[in-house]
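Me: I've got this model open and keep tripping over the labels. Take me through what the terms stand for and how each one is earned.

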Amino acid sequence: MKLDIFTLFPEAFEWFQSQRPVRNALAGGSELNFVNYRDSTPLPAGQVDDAPYGGGAGMVLRVDVVDAALNAAYADRADPRVVLLSPTGRMLDDALVRELAAEPHLALLCGRYEGFDQRVHVHLADDQVSIGRYVLAGGELAAMVLADAVIRKLPGALGHTDSAVEESFSEALDGAPEYPHYTRPAEYRGWKVPDILLSGDHGRVREWRLEQSRLRAAGSD
Ligand code: ADE
């Protein structure tokens, strides 16, 4: 997968890029690029935003600036699926993550200030995605959440090929939360690991796990 992140703050992604799943994905042939709107702005002095028509607080990212950034990055706009991060977008969930992870090329647009001129939403983005119904200071954290969730679905990102297959909300668990995990010690301060997990009976362990997952889905955990 090729993932391009459009932002005014590429440095915000430094920690993210150093994370193991991201490095694994890059070693496996995926690409992660950052595009700063300021580098291609047609306005003087690196200007990228402007005051809203009709008045009001804050600044709005300009449509001509975002368009110029996309044009500078892509000869053929049909190429990437352009996803704009917005608190009012389609809510991110495992199904949407899977859908995006299947794309060969994604462009994520991060906003700042009061967000984007509405014409960016309507004419330049293919999708608008929200990570929750609250407003962040910018789209960078939302883009990191989306990119993290997508990248860990890519083959080889987790090192252990099936670890993203059977996890919370996956198809393998019918969209239910994952079952609980335990590790050593088998008993700590009287808190015991369920006997079944120590039994070595893989069939019964499997049944127990699926049952736990169903119970969690029903809200009884
Ligand atoms: N930008 C600001 N807040 C956001 C949110 N909740 N989801 C996606 N993008 C955002």
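Reply: Let's begin with contact, which means heavy atoms within 4.5 Å. Leaving aside neighbours within four places in sequence, Ala-217 is in contact with Ala-176 and Pro-177. One caution: this is a predicted model, where local features need pLDDT of at least 70, side-chain atom pairs count only at pLDDT 80 or more, and totals for chains, interfaces and linings use all residues. Numbering runs from 1 along each chain as its sequence is written, and side-chain values use heavy atoms, with hydrogens and water left out.

Me: In which helix is the place of Ala-217?
Reply: Ala-217 belongs to helix H8 (residues 202-217). Helices are DSSP runs of H or I with at least four residues, strands are E runs of at least two, and both are numbered from the N terminus. As for Asn-36, 181 residues away along the chain, its C-alpha atom is separated from that of Ala-217 by 42 Å.

Me: What makes H4 and H6 roughly perpendicular to each other?
Reply: Helix H4 (residues 94-101) and helix H6 (residues 140-151) pack at an angle of about 70°, their axes 9 Å apart. Those axes are lines fitted to C-alpha atoms, for helices over the stretch in contact, and angles between N-to-C directions run from 0 to 180 degrees. Under 35 degrees counts as roughly parallel, over 145 as roughly antiparallel, 65 to 115 as roughly perpendicular, and the rest as oblique. H4 and H6 are therefore roughly perpendicular.

Me: Which residues in H4 meet which in H6?
Reply: Val-97, Leu-100 and Ala-101 from H4 meet Leu-146, Ala-149 and Val-150 from H6. By class that contact has six nonpolar residues, no polar and no charged. Nonpolar covers Ala, Val, Leu, Ile, Met, Phe, Trp, Tyr, Cys and Pro; charged covers Asp, Glu, Lys and Arg; the others, Gly among them, are polar.

Me: How do you know that E1 and E2 pair?
Reply: Two strands pair if DSSP finds at least two bridges between them. Strand E1 (residues 2-7) and E2 have six bridges, in the parallel sense, so by that definition they pair. Leu-3, for instance, has Leu-32 in E2 as its bridge partner.

Me: Why do E2 and E7 stand at the edges?
Reply: The open sheet has five strands in the order E2-E1-E6-E5-E7, with parallel pairing. Strand E2 (31-36) and strand E7 (127-130) each have a single partner strand, so one side of each lacks a neighbour in the sheet. From one strand to the next the twist averages 30°. Two helices lie over these strands. Helix H3 (residues 63-73) crosses E1, strand E5 (81-91) and strand E6 (105-109), at about 150° to E1. H4 lies across E5, E6 and E7, at about 170° to E5.

Me: What makes an empty space a cavity or a pocket?
Reply: On a 1 Å grid over the protein atoms alone, a cavity is a set of points where a 1.4 Å probe fits but cannot get out; a pocket is an open set with protein on both sides within 12 Å along at least five of seven lines; and lining residues have an atom within 4 Å of a point. Grid points join across faces, edges and corners, and a volume is the space filled by probe spheres set on them. One cavity here has 30 Å³ or more, and the largest cavity holds about 40 Å³. Its lining includes Met-1, Ala-25, Glu-31 and Leu-154. The largest pocket holds about 370 Å³, and of its 23 lining residues, Leu-85, Ser-86, Pro-87, Gly-115 and Val-135 are the closest to its centre. E5 gives the largest share of that lining, four residues.

Me: Which peptide bond is cis?
Reply: The one from Arg-184 to Pro-185, with omega near 0°. Most peptide bonds are trans.
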